[in-house]
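Trainee: Could you take me through one part of this model in detail? I would like a close look at the surroundings of ligand 1, and then at how that part ties in with the rest of the fold.

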Amino acid sequence: MKKDVKDVLFSEADIENRVRELAEKINDDYKGHDLLIIGVLKGANVFMCDLMRKITLPVQIDFIAASSYGHSTESSGVVKILKDLDYSIEDRHVLIVEDIIDTGLTLKYLIENFKSRSPKTIEICTLLDKPERRIAPLDVKYIGFKIPDEFIVGYGIDYAERYRNLPYIATLKPVVYMD
Ligand SMILES: O=P(O)(O)OC[C@H]1O[C@H](OP(=O)(O)OP(=O)(O)O)[C@H](O)[C@@H]1O
Ligand code: HPA
Ligand SMILES: [Mg+2]
């Protein structure tokens, strides 16, 4: 796995520090409220687990599973919902947790879908943002790091379902995905 890594963009320590900062901001912003955190599987799994343990508010969690990349480095443009939410979000303060926003197509689809379910408020928290690739504009309240237009893996994020267990965020050597 390590031999496929080109550059480490964010180390375990970098990520831990930034996740703590994001959680502190969320704790301040939602003070006095219950929060429903929705993780977008599978990629957001690792970030969600770390972030929620640093949130000190009363929190409930739910997950939706969405996929549009499959085994490619390019979005198919079609967002497939593989698992819907378990619970209603009506009248709830909802925070969607994502690992990465790239074209924005996944979150645009999810936000529109969730808005039709009448939440009290809805915001987005993403660990990574790749603004150069955006097709669908989005308002994103919490961003961990902005990254350049390179395909990345690690900390939950995959290429063809691999590398999710790398504890850091890295670029891959092009030879890995250009065959
Ligand atoms: O902004 P976009 O271009 O839509 O890309 C971002 C989405 O792509 C990845 O999911 P993917 O479809 O790879 O599913 P996964 O989370 O199971 O890896 C990632 O986890 C985001 O959900
Ligand atoms: O850079 C990326 N890496 C892995 N999955 C992704 N899904 C959107 N962008 C990416
Ligand atoms: Mg993926």
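Mentor: Happy to! By class, the shell around ligand 1 is made of six nonpolar, seven polar and five charged residues. Keep in mind as we go that this is a predicted model. In total, 18 residues surround ligand 1, and the closest are Gly43, Tyr69, Asp102, Thr103 and Thr106. At least two shell residues come from each of strand S3 (59-67), strand S5 (93-101) and helix H3 (105-115). Of the elements around ligand 1, S5 gives the most, with four residues.

Ligand 2 makes a good comparison. Its surroundings consist of Tyr69, Ile100, Asp102, Phe151, Ile152, Val153, Ile157 and Tyr159. Tyr69 and Asp102 are in that list, and both are also among the closest residues to ligand 1. The class make-up around ligand 2 is seven nonpolar, no polar and one charged.

Since S5 gives the most to the shell of ligand 1, let's follow that strand into the fold. Eight of the nine residues of S5 are buried, so the strand is largely enclosed by the rest of the structure. S5 pairs with S2 in parallel, through four bridges, and Ile37 has Leu95 in S5 as its bridge partner. S5 also pairs with S6, again in the parallel sense, over eight bridges. In that pairing, Val97 stands opposite Cys125 in S6.

Several of these names return in the largest nonpolar core. This core has 40 residues, and those touching the most other members are Ile37, Phe47, Leu95, Ile96, Val97, Val153 and Tyr155. Two or more core residues come from each of H1, S2, H2, S5, H3, S6, S8 and S9. S5 supplies the largest share, six residues. So S5 has two roles to look at in your viewer: it gives the most to the shell of ligand 1, and it gives the largest share of the core.

Phe47 leads us to helix H2 (45-52), where Val46, Phe47, Met48 and Leu51 are buried. The buried residues of H2 pack against helix H1 (12-29), S2, S5 and S6. Just ahead of this helix is a backbone feature worth checking. The peptide bond between Leu41 and Lys42 is cis, with omega about 0 degrees. Lys42 sits in the loop between strand S2 (35-41) and H2. As a rule, most peptide bonds are trans, and most residues other than glycine have a negative phi.

Two residues depart from that second tendency. Ser118 is not a glycine, yet has a positive phi of about 60 degrees. Its place is in the loop between H3 and strand S6 (121-129). Ser118 counts as exposed because 12 other C-beta atoms lie within 10 Å. Setting aside neighbours within four places in sequence, Ser118 is in contact with Glu90 and Asp91. Glu161 is the other case, with a positive phi near 70 degrees. Glu161 belongs to the loop between strand S8 (152-153) and strand S9 (169-172). Glu161 is exposed too, because 9 C-beta neighbours lie inside 10 Å.

That loop brings us to S8 and S9, and to Val153. Val153 is one of the residues around ligand 2 and one of the core residues that touch the most other members. Leaving out residues up to four places away in sequence, Val153 touches Asp158, Tyr159, Tyr163, Leu166, Ala170 and Leu172. Among these, Leu166 lies 48 residues from Ser118 in sequence, and the two C-alpha atoms are 37 Å apart in space.

S8 and S9 also take part in an open sheet of three strands, with the order S1-S9-S8 and antiparallel pairing. Strand S1 (5-10) and S8 are the edge strands; each has a single partner, so one side of each is left without a neighbour in the sheet. S1 and S9 run antiparallel and are joined by three bridges. Within this sheet, Val8 stands opposite Ala170 in S9, and Ala170 is one of the residues that Val153 touches.

One last piece of context comes from the record. An unreviewed UniProt entry places the feature "domain: Phosphoribosyltransferase" at residues 15-159. Over that stretch the chain is 23% helix and 31% strand, with the end C-alpha atoms 20 Å apart.

Conventions
Residues are numbered from 1 along each chain as its sequence is written. Chains are lettered from A and ligands numbered from 1 in the order in which they are written. This is a predicted model: local features need pLDDT of at least 70, side-chain atom pairs count only at pLDDT 80 or more; totals for chains, interfaces and linings use all residues. A residue is near a molecule or strand if its C-beta atom, placed from the backbone, lies within 6 Å of it. Ala, Val, Leu, Ile, Met, Phe, Trp, Tyr, Cys and Pro count as nonpolar, Asp, Glu, Lys and Arg as charged, and the others, Gly among them, as polar. A residue is buried if 20 or more other C-beta atoms lie within 10 Å of its own, exposed if 12 or fewer, and partly exposed in between; C-beta atoms are placed from the backbone. Two residues are in contact if their C-beta atoms, placed from the backbone, lie within 7 Å. A nonpolar core is a set of buried Ala, Val, Leu, Ile, Met, Phe, Trp, Tyr and Cys residues joined through C-beta atoms within 7 Å. UniProt positions are given in the numbering used here, feature names are shortened, and annotations may be inferred rather than shown by experiment. Two strands pair if DSSP finds at least two bridges between them.
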